[in-house]
Amino acid sequence: MKTREAEKKSTSLEGNTEGRIGHIDAESEMNRSASFDRRALMLRVGGAAAATAAGMLPAALAADESPSSPSKQRAPAPTEAFIDAALAVSPAELSPEQRLDVRNGARELHKALADARKVDLAYGVEPAFVFLPEGRR
Amino acid sequence: VSPGTQDSSKGKENDLAFASVAELSGALSAGKTSSVELTKLCLTRLDTIGRKLNAVATLMSESALEEAARADAERAAGKTRGPLHGIPFAAKDLLDTKGVVTAWGSPLFAGRIPAADATAVARLREAGAILTAKLAMVELAGGAGYRFASASAQGPGRNPWNPDHWTGGSSSGSGAAAGAGLVPFALGSETWGSIVCPSSYCGVSGLRPTYGRVSRHGAMALCPTLDKIGPLARSAEDLGLVLSAIAGPDPSDASALPGAWQPGPSPARLRIGILPQKTWDGYQPEATDLAEKAVAALANRGHLLVPVTLPDFPFDAVLLTILGSEAAALFEPLVRSGQHLKLIDPLSKTGLLPSMTIPAADYINAQRRRSVAIREMAELFTRVDVVAGPSFPSSASPIEANLETWFALPKDPLGAPGNLCGLPAVSVPCGFDNGALPLGVTFMGPAGGEAACLAAAAAYQRDTEWHRKRPPVAG
């Protein structure tokens, strides 16, 4: 578990601010129960993205895993490595439910990366970076 | 209470509260009202109706009334800054405001007080508009993922049309404030869906500008190559007025497009692209039916409907790769410090972790594939001026709904290519479902094509009254 000092640790996210990161005392509100009927990719911004992401998972796969059977089905090795990496990036201790969310999120993100890779790329295709001189794209 | 019904005892106040920017500007010019009167009305509505809807992050009563008094004094002295002079507005709590808490929807940043205004906010103030409040939003604009509408420091955004339903996100307070007549217009932001979704859910007009049209300086960066700032308002006309004020180059944002934006001439006969019916499989039937009727109404006015298909391209997957990579990079300190577990929503607590592991090659190649997508979408827009379709798969979700399962569909046909390619879109209300919840139709244009999107929306609104309906919560 984190210490109180760790909880107060600032990040570099404050940007243009004179403030500091506040303290959360509503932990009880965070632990709401959740159903796991289907899984979503972990990054969703608007509701549109939420709907899209959840729909990318085949229902059969989504039904395979529950908090009570976390390892009933193992993903293929590359996906497992991806999941293990995702579970290792934070120093925080995760609950079983949170570990399951990470597993499901990593699995779905891995699938999205695979889908994206299906687009053939000619060698000369440049990235669509936007930070070019004079702000021009 | 059916949509559009209003309490006649508050008729005058409601008429002001739901007047358009153009109408209010005319009333101010004619001396029929004052900026102070309008600002007081907005502050009262924000503090009463807005609080009930969980739409308000910070009310700025004192500064707003001072600014309104100055605006009235300038007008009395013969100085008028333009159509937004003296018009109240509010901004999503993702946009910096000098000396006023800007917490990004999260208790983690409750003490964050910026030293300067975001460019978009500063430009509105320069145009004479009066900032009345910072508006609630989904925590970190949803960048860590979320499962429930309650993923906000202010609690779940409650929909003006039915408070037991959600406003949509992540610009939740902006949708509620415009929808409930709390302010004439609000600023929101969209990385993927965050303007269009609340616009559709709350029955308001919303504009997602071309990427770079509006400076992102002073806005929380979720995904720097995808983030856009845009208005939510009563009408397409009002959206254009606000865009004119906030668009333009900014030395502080290298991605800001050169040149000011003004609504240019649009074709008298718009070419409106129509996607195959199967595109909308899984949508709420009323969402597709009402959007079809909206497009048919435009055809009846002489506009041309052109069948088109979208490029066969994994827009959603490429977009998620970029969004995940950039959000993980921006919020890496939260992950490395373990503070991600202090985010509100159960899914947000871990949502950033998988994206931290995306290989650099996948991110770079996603940006290369984005170049391909941009070219293919640009080719589509040589044949049409806009592409139309339902704004969202359904009307507003119940307030307690699990957002992972509510109308979860495999693709976002307009939103994914639109956001990946930085294309503008306008969503306007086009009717109600049988639960009296609003639905929207979206007009998406080519990069730089805001004028065509707004022209299509304005043409539709000239012949319809959906954008003038007032929700039961209006007071």
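# Chain B, term by term

Visitor: Which residues point one way from strand 13 of chain B, and which the other way?
Guide: In this predicted model, B:Pro438, B:Gly440, B:Thr442 and B:Met444 point one way from strand 13 of chain B, while B:Leu439, B:Val441 and B:Phe443 point the other way. Both sets are buried.

Visitor: What makes strand 13 of chain B mostly covered?
Guide: The strand spans residues 438-444, and seven of its seven residues are buried. A residue is buried if its relative accessible area is under 20%.

Visitor: How do you know that strand 11 and strand 13 of chain B are joined?
Guide: Pairing needs at least two bridges. Strand 11 (residues 386-390) and strand 13 have four, and therefore they count as paired. The two strands run antiparallel. One of the bridges is between B:Ala388 and B:Phe443.

Visitor: How many bridges join strand 12 of chain B to strand 13?
Guide: Seven bridges join strand 12 (residues 425-432) to strand 13, again in an antiparallel arrangement. Set against the minimum of two, the count makes this a pair. B:Pro429 has B:Gly440 as its bridge partner. Five residues lie between the strands of this hairpin, and B:Ala436 takes a positive phi near 65 degrees.

Visitor: What span is expected for helix 13 of chain B, and what does it reach?
Guide: Helix 13 (residues 360-380) has 21 residues, and the expected span is 1.5 Å times one less than that number. The expectation is 30 Å, and the helix reaches 30 Å from its first C-alpha to its last.

Visitor: What do the buried residues of helix 13 of chain B pack against?
Guide: They pack against helix 6 (96-117) of chain A, and in chain B against helix 10 (315-330), strand 11, helix 14 (415-420) and strand 13. The buried residues of helix 13 include B:Tyr363, B:Arg369, B:Val372 and B:Met377.

Visitor: Why does B:Val121 count as buried?
Guide: The relative accessibility of B:Val121 is 0%, which is under the 20% limit, so B:Val121 is buried. B:Val121 is in helix 5 (residues 119-126) of chain B. Beyond four places in sequence, B:Val121 touches residues including B:Ala91, B:Leu95, B:Leu131 and B:Leu187.

Visitor: Why does B:Arg216 count as buried?
Guide: B:Arg216 has 14% relative accessibility; this is under 20%, so B:Arg216 is buried. B:Arg216 lies in the loop between strand 7 (205-208) and strand 8 (228-233) of chain B.

Visitor: What joins the side chains of B:Arg216 and B:Ser255?
Guide: A polar contact of 3.0 Å joins them. The distance is within the 3.5 Å cut-off.

Visitor: How many disulfides are there over all chains?
Guide: The count is zero. For B:Cys42, the nearest cysteine sulfur is that of B:Cys202, 17 Å away. For B:Cys197, the nearest is also that of B:Cys202, at 8.3 Å. A disulfide needs sulfur atoms within 2.5 Å, so neither B:Cys42 nor B:Cys197 is in one.

Visitor: Are B:Cys42 and B:Cys197 buried or exposed?
Guide: B:Cys42 has a relative accessible area of 8%, and B:Cys197 has 1%. Both values are under 20%, so both cysteines are buried.

Visitor: Where does pLDDT stay under 50 in chain B?
Guide: pLDDT stays under 50 over residues 1-6 of chain B. Where pLDDT is low, the predicted coordinates should not be read in detail. The mean pLDDT of chain B is 96, and 97% of its residues reach 70 or more. For the complex, the predictor gives an ipTM of 0.91 and a pTM of 0.88.

Conventions:
Residues are numbered from 1 along each chain as its sequence is written. Chains are lettered from A and ligands numbered from 1 in the order in which they are written. This is a predicted model: local features need pLDDT of at least 70, side-chain atom pairs count only at pLDDT 80 or more; totals for chains, interfaces and linings use all residues. Side-chain values use heavy atoms; hydrogens and water are left out. Buried means under 20% relative accessible area, exposed over 50%, partly exposed in between (1.4 Å probe, protein chains only). Contact means heavy atoms within 4.5 Å. A polar contact is a pair of N or O atoms within 3.5 Å; within protein, one must be able to donate a hydrogen and the other to accept it, and residues adjacent in sequence count only if both atoms are side-chain atoms. pLDDT is the predictor's confidence in each residue, from 0 to 100.
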